[in-house]
Amino acid sequence: MAKSVHIRSGSAEYELPITDGTIRATDLRQIPTDDGPLATYDPGFVNTAACRSAITFIDGDAGVLEYRGYPIEQLAETSSYLEVAYLLLKGELPTPAQLAQWENDVNHHRLVHENAKDIISKSRYDSHPMAKLMSSVASLHAFYPGSRNISDPEEREVNVIRLLAKMPTLAAFAYRHSLGRNYIYPSDELNFIENFLAMLFKRQERHYKADERLVRAIDVLFILHADHEQNCSTNAVRAVASAGNDPYTSAVAGIAALFGPLHGGANEAVLKMLAEIGSVDRVPEFIEGVKAGRAKLMGFGHRVYKNYDPRARIIKKSAEEVFEVTGVNPRLKIAQELERIALGEEYFVSRKLYPNVDFYSGLIYEALSFPPAMFTVMFAVPRTSGWMAQWQEGVLDPEQKIMRPRQIYTGHRGRTWVPVQDR
Ligand code: ACO
């Protein structure tokens with residue numbers, strides 16, 4: 001295997017060492033060009049490593065996903081979301097005593113300040129729940145100003161726990177606000193997921209207890225969504241954190257990025273697409289439209305996976321378990337037909353386009369009677385554990401600098417200003 005790359009420029013030759021399969025972009029600067037020192041051009045960071053990370057490993061060609069070295073399939077089968085959050089943040093699986101303490105610590109912080117709740121209450125009745133989540137999470141640093149002291153390990157720890165704990169509460173309040181329902185406060189009698197479902201769905205019953213199969217399905221979905229290495233929202237979190245920001249401010253960047261239809265907003269877009277297609281017999285016509293470039297097959301394709309997304313496989317199984325409780329989502333047949341046809345079509349095969357995590361998750365959320373606008377919120381809540389693990393890793397990384405990419409300037413130079421009446 002190559003240990004270095006040799007670059008010839010005119011009569012000079014440069015040797016750049018290869019470490020961990022990469023060259024240092026700054027090593028290129030020793031090579032002069034007509035436009036200054038040599039740099040790389042990589043819109044979308046398609047082939048650029050921006051950090052070292054020991055959190056999540058993905059082999060996109062083989063369809064492998066591991067958190068801290070543990071395969072996602074094993075974690076989804078046996079673990080709980082809070083245990084996975086501990087693993088992501090601390091690097092090791094907890095002992096029984098550590099897990100009990102961790103669950104206690106997180107559950108203790110689930111309440112939010114009444115004024116943070118009011119930020120949601122004062123939103124317009126039809127505002128998107130992601131907008132309400134963004135503004136209420138942004139407000140949290142005002143309630144915990146010590147969070148700005150990111151060099152204090154205790155402040156880092158307690159504010160990360162607070163954020164993990166409060167995300168479901170704020171998410172549930174954002175949901176209930178859209179429906180005009182009263183807010184349900186966290187209950188000490190319920191575990192993290194049971195409590196989240198109660199805060200979302202409790203009506204007049206004295207004690208709300210969700211069906212255990214649904215609790216497990218949400219736990220699994222949360223595990224699958226917990227982290228995904230340097231995706232768009234994690235990169236946004238790391239970029240904002242690189243300027244020295246607290247967990248709350250950095251997480252808002254992640255929520256904002258996740259909102260986009262090419263990222264976490266894709267599950268909402270999948271449901272809109274399935275509604276537009278309307279029936280199984282219209283699937284071939286839709287696929288022809290995708291091949292002709294008139295539409296995208298939402299929930300298909302991934303920057304990293306060039307194979308079946310392992311999370312999509314697990315979600316398909318969870319969907320069956322949820323449908324046992326809720327009844328089958330009628331749009332499932334359209335999704336299955338889309339997948340069946342797409343996986344046999346040259347257009348999708350040659351571009352290595354497979355279902356991603358968002359293709360089936362929306363069907364589950366719809367079966368649980370969430371409106372599509374809530375789907376991305378259901379992604380943001382568990383992804384917070386990944387964002388915080390990555391935030392912490394970036395803050396503690398001695399190599400991490402403020403993120404400030406370069407550009408290739410394509411505009412005018414040296415123009416002379418002209419008074420408005422002369423233009
Ligand atoms: N439907 C149709 N064609 C597609 C799709 C799709 N879903 N995805 C990619 N392609 C095509 C592109 O048009 C391109 O074709 P071309 O080579 O003829 O120009 C080729 O496949 C490569 O696609 P890129 O856009 O270059 O791939 P990139 O890595 O930049 O994009 C992305 C990845 C954004 C996920 C893309 O596949 C997409 O838009 N998918 C639909 C949205 C979606 O499901 N997003 C969720 C991703 S998972 C997540 O964020 C949690």
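This is a short talk on the fold of one protein and a few places in it.

Hi everyone, thanks for coming. Please keep in mind that what we have on screen is a predicted model.

Let's begin with the whole chain. The protein has 17 helices and seven strands. Its radius of gyration is 24 Å, close to the 22 Å that the globule rule gives for 423 residues, so the protein is as compact as a globular protein of that length. If you follow the C-alpha trace along its principal axes, it spans about 80 × 65 × 60 Å.

How much of the protein counts as buried? The share is 48% of the 423 residues. As for contacts, take those with a separation of 6 or more: 72% of them come from residues 24 or more positions apart. On the outside, the protein exposes about 21400 Å², and carbon and sulfur atoms supply 52% of that area. For those of you who think in charges, there are 48 positive and 52 negative side chains, with the centres of the two sets 5 Å apart.

Now to the strands. Strand β1, residues 4-9, runs antiparallel to β2, residues 12-17, and six bridges join the two. One pair to find on screen is H6 and its bridge partner in β2, E15. This hairpin has two residues between its strands, and G10 takes a positive phi there, near 65°.

There is also an open sheet of three strands, in the order β5-β6-β7, with antiparallel pairing. Which strands are at the edges? They are β5 (56-59) and β7 (70-71), since each pairs on one side only. Between β5 and β6, residues 64-67, there are four bridges. Here you can look for D59, whose bridge partner in β6 is V64. As a reminder, strands of a sheet pair through backbone hydrogen bonds, either parallel or antiparallel.

Next, a helix: α16, residues 358-367. Is α16 mostly covered or mostly open? Mostly covered: eight of its ten residues are buried. Those are D358, F359, Y360, S361, G362, L363, I364 and Y365. Several other helices help to cover them, including α8 (212-225), α11 (266-277), α13, α14 (332-344) and α17 (375-396). After α16 comes S369, which has a positive phi near 65°.

One of those buried residues, F359, brings us to a glycine, because F359 is among the contacts of G299 once neighbours within four places in sequence are left aside, contact meaning heavy atoms within 4.5 Å. The others are V270, Y354, P355 and N356. G299 itself sits in the loop between α12 (283-291) and α13 (310-326). Although it is a loop residue, G299 is buried, because its relative accessible area is 3% and the cut-off is under 20%. R29 is 270 residues away from G299 along the chain, and their C-alpha atoms are separated by 40 Å.

For my last stop, here is another loop residue, R181, between α6 (153-179) and α7 (192-201). At 25% relative accessibility, R181 counts as partly exposed. Again leaving aside neighbours within four places in sequence, R181 is in contact with R176 and R203. I223 is 42 residues from R181 along the chain, with 29 Å between their C-alpha atoms.

That's my tour, and I'm happy to take questions!

How values were computed. Residues numbered from 1 in each chain as written. Predicted model: local features only at pLDDT ≥ 70, side-chain atom pairs only at ≥ 80, totals over all residues. Heavy atoms only, no water. Rg over C-alpha atoms; globule rule 2.2 N^0.38 Å. Buried < 20%, exposed > 50% of the residue type's maximum accessible area, 1.4 Å probe, protein only. Areas by Shrake-Rupley, 256 points an atom, 1.4 Å probe, with all protein chains shown as cover. Lys, Arg positive; Asp, Glu negative; His and termini not counted. Charge placed at Lys NZ, Arg CZ, Asp CG, Glu CD. Pairing = 2+ DSSP bridges.
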